[in-house]
Amino acid sequence: MQLYNTLSAKERAALLEEAGEDRLTLSFYQYAKIGNPELFRNHLFIKWDELNVLGRIYVAHEGINAQLSVPAKNFGNFKEFLDGIYFLENVRLNIAIEHDLKSFLKLKVKVRNKIVADGLNDETFDVRNKGVHVAAEKFNELIEDPNTVLVDMRNHYESEIGHFKNAITPDVDTFRDSLDIIEEQLKDHKEDKKLVMYCTGGIRCEKASAYYKHKGFKNVFQLEGGIIEYTREVNEKGLENKFIGKNFVFDHRRGERITDDVIANCHQCGNPCDNHVNCENEACHLLFIQCEECAKQMDNCCSTECQEIIKLPVDEQKALRAGSHNSNKIFKKGRSEKLKFGK
Ligand SMILES: [Zn+2]
Ligand SMILES: [Zn+2]
């Protein structure tokens, strides 16, 4: 999928023409103070339903995070509506043409506690007080500076398959954990080092940058639009690409190849591989890296236990699942004692 950024009127017209009757998939986020998320949610739902918009949107007191699919012919109305909301005027949209129209089947607008789960309970810090946004070119310059500390704000299973050269990649399962680890590591350098951060699309760094500023870091930067926008920009402008490997994404593709380097290993045999899969056993569903050989040998399972379970009749599998609280979906991404080469 090709992603487009804030487009000029001409570029947008070309994109819409290309899309024809197709839909556009797009994503955006914005931190803002939303007094009544419920009311705001209803406002969005009524209008977007009218425009036949589909997608998954989270609204919280701290802002909005949206992944949408919009009929190309309604894009003008959609954009006008966004621009009419003061904190969404000219918000950066990542847009792609969707030829396979299955990305979203419904319009779901949900009110959440937060748009990025951070476990923070700090009323004194304002997430809108963010670090300096830098685009690809400036980012490349910054990360060559010996005074810079480059930090990957994603989780371990994301940075495992791809990251920027020389980045610190915390071995964490959650965003919350990396906030503390980085602060501890850099506590003596709050004033003299440049803290440069990146994540997939920018939403996590934006919060992290505000958090670190609040914690006394003086020079905080974040990669504008994250790895997604960086990749688009280095390609468009012919800049050096300092990212190696794959960019982990949270849809069915699981990863977007950026360079041919394979920096990870199959969690079962240890051979070079950077393909994430989910264990075939529904009750397990462990996210891990598996090469084709092992997939064949293990029937797409993470362990011999799971391999046995999937051979059982469906009813028996269901019965087993009912008794199990051991969902790997949330806590064990890429982590299991059963994986010899996992973490
Ligand atoms: Zn293997
Ligand atoms: Zn399994």
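Biologist: What makes Cys291 count as buried?

Modeller: Its relative accessible area is 9%. Buried means under 20%, exposed means over 50%, and partly exposed is what lies in between, using a 1.4 Å probe and protein chains only. With 9%, Cys291 is therefore buried. A word on the ground rules: this is a predicted model, in which local features need pLDDT of at least 70 and side-chain atom pairs count only at pLDDT 80 or more, while totals for chains, interfaces and linings use all residues. Residues are numbered from 1 along each chain as its sequence is written, chains are lettered from A and ligands numbered from 1 in the order in which they are written, and side-chain values use heavy atoms, with hydrogens and water left out.

Biologist: Then why is Cys269 called partly exposed?

Modeller: Cys269 has 29% relative accessibility, so it falls in the partly exposed class.

Biologist: How do you know which residues coordinate the zinc ion (ligand 1)?

Modeller: Donors are N, O and S atoms within 2.8 Å of the metal (3.2 Å for Na, K and Ca), and sites may look incomplete because water is not among the atoms. Around ligand 1, the SG atoms of Cys266, Cys269, Cys291 and Cys294 sit at 2.3 Å. Along the sequence these donor residues follow the spacing C-x2-C-x21-C-x2-C. Cys269 belongs to the loop between strand 12 (255-257) and strand 13 (276-278), and Cys291 to the loop between strand 14 (287-289) and helix 9 (292-297), so this pair ties together parts that are 22 residues apart in sequence. Helices and strands here are DSSP runs numbered from the N terminus: H or I over at least four residues for a helix, E over at least two for a strand.

Biologist: And what makes the arrangement around the zinc ion (ligand 1) tetrahedral?

Modeller: Four donors count as tetrahedral if all angles lie between 85 and 135 degrees. The donor atoms around ligand 1 subtend 103 to 116°, so the arrangement is tetrahedral. The ideal angle for four tetrahedral donors is 109.5 degrees.

Biologist: Why is the zinc ion (ligand 2) site given the name tetrahedral as well?

Modeller: Its four donor atoms subtend angles of 106 to 116°, so that site is tetrahedral. The protein donors are the SG atoms of Cys279, Cys284, Cys302 and Cys306, lying 2.3 to 2.4 Å from the ion. Their sequence spacing is C-x4-C-x17-C-x3-C, and both Cys302 and Cys306 are buried.

Biologist: How do you know that Cys301 is not bonded to Cys279?

Modeller: A disulfide is a pair of cysteine sulfur atoms within 2.5 Å. The closest cysteine sulfur to that of Cys301 is in Cys279, 4.4 Å away, so the two are too far apart for a bond. The structure holds zero disulfides. Cys301 is also buried, at 0% relative accessibility.

Biologist: What makes strand 7 (residues 148-152) largely enclosed by the rest of the structure?

Modeller: Five of its five residues are buried, so the label fits. In a regular strand the side chains alternate between the two faces of the sheet. Thr148, Leu150 and Asp152 point one way from strand 7, while Val149 and Val151 point the other way.

Biologist: How do you know that strand 7 and strand 9 (residues 194-198) pair?

Modeller: Two strands pair if DSSP finds at least two bridges between them. Strands 7 and 9 have five bridges, in the parallel sense, with Asp152 opposite Tyr198 of strand 9.

Biologist: Why do you place strand 6 (132-134) and strand 7 at the edges?

Modeller: They belong to an open sheet of four strands in the order 6-10-9-7, with parallel pairing. Each of the two has a single partner strand, so one side of each is left without a neighbour in the sheet. Strand 6 is joined to strand 10 (residues 219-223) by three bridges, and Val134 has Leu223 as its bridge partner in strand 10.

Biologist: What makes the side chains of Gln222 and His133 a polar contact?

Modeller: The term covers N or O atoms within 3.5 Å; within protein, one must be able to donate a hydrogen and the other to accept it, and residues adjacent in sequence count only if both atoms are side-chain atoms. The contact between the Gln222 and His133 side chains is at 3.2 Å. Gln222 lies in strand 10 and is buried, with a relative accessible area of 0%.

Terms used. Tetrahedral: all angles 85-135°; square planar, octahedral: opposite > 155°, others 65-115°.
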